[in-house]
Amino acid sequence: MKITFFFAALFLLDLFTCYHAYPQYPLPDIEDAKFIEDCLRAHNTFRSKVNPPASNMFRMSWDAALAKTAKAWAKKCKFKHNIYLKTQGKVHPTFTPVGENIWTGTATIFSVDAALSDWFNEVSSYDFNTNRCTSMCGHYTQVVWAESYKVGCAVHFCNTVENFPGLFRAAHFVCDYGPAGNYPRKPYKAGRPCSGCSNEKCIDKLCGKTKPPRPHPPRPPVPPYIPPTEHPHPSCDQYCLSVSILRLLFLVLSAGAVLLVQKRFPHTFFYE
């Protein structure tokens, strides 16, 4: 019986390369009930904690169209804002412009609470009285923008993120808001909670017409909707295709080299 050690080593190397070429980390989809609940809970919890208290802060609710747009942009793995946020009808049928926050970090440490905490903690750089920032605070002001009452978020696994060098196997988390915030004024009006509400019911210091939405069981899979922000592309991206081609080329050249050496030195790789 003949055993080719070199081919065995090539096979194992190929498996190793295949495993590490395009790893995936389990991240929730935009229809995941717990993910939706976590996004709404975190946003509304932080909105109810603003200091000074807000008199006109709306309670946020989920918007599926915003979530689809967030997902389409997150899949591009770019650490920059959606270029269509201010284009009429491009990212949402009703809201123009649309607000957006982006969080990117290692996939293994991602959680909705961690991302929202990072955004809300920018409050330390924001002065409500002067409406000025000493450092980055735009994520915070969008989270607590009183009139932004709709939100849709998505998280996508990215091997690398454009404009974010040195980060690999990342969770790319995007939240889109309607109506958009961050105009040149304060994010909300200070005062007794809900005192600025019209006919909305006051829920946890927030103006809301309905009770907090209850999570629904997962729905069966449906054909994916592709918003205008994303064009159809293969499930295997440029990186994946490059690795696949190089693997095939490597195996072909290696097999040829093995056969050539075996022909000249027949006892190098085999024993009987």
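**Rings, sheet and a loop**

In this predicted model, local features need pLDDT of at least 70 and side-chain atom pairs pLDDT 80 or more, while totals for chains, interfaces and linings use all residues. Residues are numbered from 1 along each chain as its sequence is written, and side-chain values use heavy atoms, with hydrogens and water left out.

User: Happy to start with a charge: over the ring of which residue does the charged end of Lys90 sit?
Analyst: A charge sits over a ring if NZ of Lys or CZ of Arg is within 6 Å of the ring centre and within 35 degrees of the ring normal. The charged end of Lys90 is 4.9 Å from the centre of its partner ring. That ring belongs to Tyr84.

User: Is Ile83 buried or exposed?
Analyst: Buried means under 20% relative accessible area, exposed over 50% and partly exposed in between (1.4 Å probe, protein chains only). Ile83 has 54% relative accessibility, so the residue counts as exposed.

User: What kind of aromatic pair do Trp103 and Phe110 form?
Analyst: Rings of Phe, Tyr and Trp (its six-membered ring) pair if their centres lie within 6.5 Å; planes under 30 degrees apart count as stacked, over 60 as edge-to-face and the rest as tilted. The structure holds 13 such pairs. With centres 5.7 Å apart and planes at 50 degrees, the pair of Trp103 and Phe110 is tilted.

User: And Tyr140, is that residue buried or exposed?
Analyst: Tyr140 forms a tilted pair with Tyr126, 5.8 Å centre to centre and 45 degrees between the planes. Its relative accessibility is 2%, so Tyr140 counts as buried.
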